[in-house]
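Got the viewer open and a selection box ready? Let's walk through this one stop at a time, picking residues as we go.

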Amino acid sequence: MLQLQLLRRLILTTAALAAPMLSAPAQAQGDLLVAPTRVVLNNGGNAELVLSNIGSTEATYRIGVELRRMTENGDFLDVPDAEANAAEKAAAEMVRYAPRRITLLPGQPQAVRLSARPAPELPDGEYRVHMSFRAIPPALSPEEAQKQAAAGGLSIRLTPIYGITIPVFVRKGQLAAGATLANPHLVKSGKEILLDITVNRSGSRSVYGELIGKGVRGETLFNLRGVAVYPEVAHRSVRVPLNAEQQAKLTAGPVRIEYREMPENGGQLIAEMTTAIR
Amino acid sequence: MSFASAANAATTATATATAEVLSTLSVTADSALDFGQIAANTGGTVTVNADSTVASTGALVSTGTRAPASFTVSGSQGAMVAVTLPSSAATLTRSGGTETMSLSGWNSNPNGAFQLDGTTGQGTFSVGGTLTVASAQVAGVYSGTFDVSVEYQ
């Protein structure tokens with residue numbers, strides 16, 4: 001319970017800090033905040049997540065489990081239930097959570113309990129679901145419906161059911177993974193210049209960390225936090241947006257690129273390479 | 001597990017504090033996906049892309065504001081965020097009727113994963129798509145929903 005209290009305080013603090021920055025976009029019904037944003041359960045276990053209503057009105061949220069696959073560009077594809085493979089089905093079945101529906105006042109947080117236990121007959125591996133937190137849109141007010149109907153022609157009312165998903169990893173057995181970096185090169189996308197890096201993954205689980213670029217004098221040129229490669233892909237490309245200054249420094253001499261565990265996970269080096277970039 | 005001892009409490013506090021680095025993610029809706037007013041006789045498509053470009057096919061006349069849906073994401077500075085778009089078409093149904101229209105060709109801008117600002121920890125993205133209108137589509141208000149979600153990569 002202490003952990004939840006700390007988390008609540010943390011979220012309230014974060015929300016308070018974020019408030020001035022959030023004042024530009026109009027707050028809509030259903031805006032939400034979720035913490036933490038990643039859960040790893042080794043051989044099963046429990047976790048507690050917190051969902052907070054950061055909108056300006058009361059809202060109802062739906063909590064669920066979804067499946068995603070990573071592409072070689074690092075995008076996520078939604079996997080409909082009918083297309084789930086055996087491992088994805090097993091992952092969806094082993095995760096238990098409650099509640100599944102929450103109505104919250106503005107600023108109100110609520111804990112969501114999560115547990116997962118891999119069945120003994122399941123093969124060793126990393127099982128993953130994406131827990132989703134989505135606002136259920138309010139019904140259209142009669143006045144607005146009438147106004148829209150009176151407009152004539154075809155009128156379209158589209159409501160986004162938007163939310164946050166967080167990966168939940170259930171690891172069974174002793175799993176290992178490694179990575180290498182390859183082929184860093186500049187690419188142009190519209191007016192933007194990006195550094196494209198390939199991260200190759202090996203082993204039986206995902207890898208996760210930050211990509212850091214360092215110049216000849218050891219100065220940090222870029223730092224991309226939270227770069228994951230999931231087990232369904234053997235490699236992916238990561239694109240780092242660059243401003244003119246970063247671009248000049250990156251092409252001025254040899255660059256050292258490091259892929260490290262996140263600082264909170266010890267910051268250990270996973271892969272590195274030193275190369276010239278053009 | 002017990003949090004009775006001060007040492008335990010301190011450990012927990014430290015763990016929570018360090019986890020803060022990537023520990024929250026929020027999303028707010030800024031504006032809706034808007035196809036404007038459509039006067040249809042012969043059917044066709046209206047496209048509102050995430051990059052705000054618009055297009056139409058057939059003899060459709062689309063007027064008024066046409067704009068993609070836009071969202072603001074707030075989280076950890078410099079973190080990568082991925083957007084998941086609907087995997088299939090959304091169906092819109094006429095209020096008080098059974099006629100439908102479909103919305104597909106989902107696209108987002110930025111296209112794919114993007115990085116939150118290194119200073120503010122914020123980023124915005126837009127979502128667009130293509131609406132298919134049948135010939136002799138019955139006039140009225142068509143409503144539907146689509147799912148969009150964000151996740152730290």
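Start by selecting Val34(A): its bridge partner in β3(A) is Leu51(A). Strands here are DSSP runs of E with at least two residues, helices are runs of H or I with at least four, and both are numbered from the N terminus. Val34(A) and Leu51(A) belong to a pairing between β1 (residues 32-35) and β3 (residues 45-53) of chain A, antiparallel over four bridges. Two strands count as paired if DSSP finds at least two bridges between them.

A quick word on what you are looking at: this is a predicted model, where local features need pLDDT of at least 70 and side-chain atom pairs count only at pLDDT 80 or more, while totals for chains, interfaces and linings use all residues. Residues are numbered from 1 along each chain as its sequence is written, with chains lettered from A and ligands numbered from 1 in the order in which they are written.

Stay on β3(A) and add β9 (residues 109-116) of chain A, an antiparallel partner over eight bridges. Leu49(A) is a good pick here, standing opposite Val112(A) in β9(A).

**Into the core**

Which residues touch the most other members of the largest nonpolar core? Select Leu32(A), Val34(A), Ile164(A), Val168(A), Val170(A) and Val81(B), out of 90 residues in that core. A nonpolar core is a set of buried Ala, Val, Leu, Ile, Met, Phe, Trp, Tyr and Cys residues joined through C-beta atoms within 7 Å. Now colour β11(A), which gives the most to this core with nine residues. The core lies between domain 1 (2-172) and domain 2 (177-275) of chain A, because both give residues to it.

Zoom in on Val168(A). Setting aside neighbours within four places in sequence, Val168(A) is in contact with Val39(A), Val95(A), Leu114(A), Arg128(A), Val129(A) and Met131(A). Contact means that the C-beta atoms of two residues, placed from the backbone, lie within 7 Å.

**Between the domains**

Colour chain A by domain, 2-172 and 177-275; these bounds come from an automatic or database domain assignment. Nine residues of domain 1 are in contact with 11 residues of domain 2. On the domain 1 side, β5 (68-70), β10 (125-136) and β11 (154-172) of chain A each give two or more residues. That side divides into two nonpolar, three polar and four charged residues. In this count Ala, Val, Leu, Ile, Met, Phe, Trp, Tyr, Cys and Pro are nonpolar, Asp, Glu, Lys and Arg are charged, and the others, Gly among them, are polar.

**Two open sheets**

Next, show β12, β13 and β16 of chain A, an open antiparallel sheet in the order β12-β13-β16. β12 (177-189) and β16 (235-242) stand at the edges, each with a single partner strand, so one side of each has no neighbour in the sheet. The twist averages 25 degrees from one strand to the next; axes are lines fitted to C-alpha atoms, for helices over the stretch in contact, and angles run from 0 to 180 degrees between N-to-C directions.

Take β12(A) and β13(A) first: 11 bridges, antiparallel, with Gly178(A) opposite Ser202(A) in β13(A). Their hairpin has two residues between the strands, and Gly190(A) takes a positive phi near 65 degrees. On to β13 (residues 192-203) and β16(A), joined by eight bridges. Click Ile193(A) to find Leu242(A) as its bridge partner, then Leu195(A), which partners Val240(A).

The other open sheet to show is β15-β14-β17-β18 of chain A, in that order and antiparallel. Within this sheet, β14 (residues 207-214) and β17 (residues 255-260) pair over five bridges, and Ile212(A) stands opposite Glu258(A) in β17(A). Add helix α4 (residues 244-251) of chain A, which packs on the sheet by touching β14, β15 and β17, and whose direction makes about 95 degrees with that of β15(A).

**Last stop: chain B**

Is Tyr142(B) buried or exposed? Select this residue in β12 (residues 140-152) of chain B. Tyr142(B) is buried, with 27 other C-beta atoms within 10 Å; buried takes 20 or more within 10 Å of a residue's own, exposed 12 or fewer, and partly exposed falls in between, with C-beta atoms placed from the backbone. Beyond neighbours within four places in sequence, the contacts of Tyr142(B) include Leu154(A), Ile156(A) and Arg157(A), along with Leu92(B) and Met101(B).
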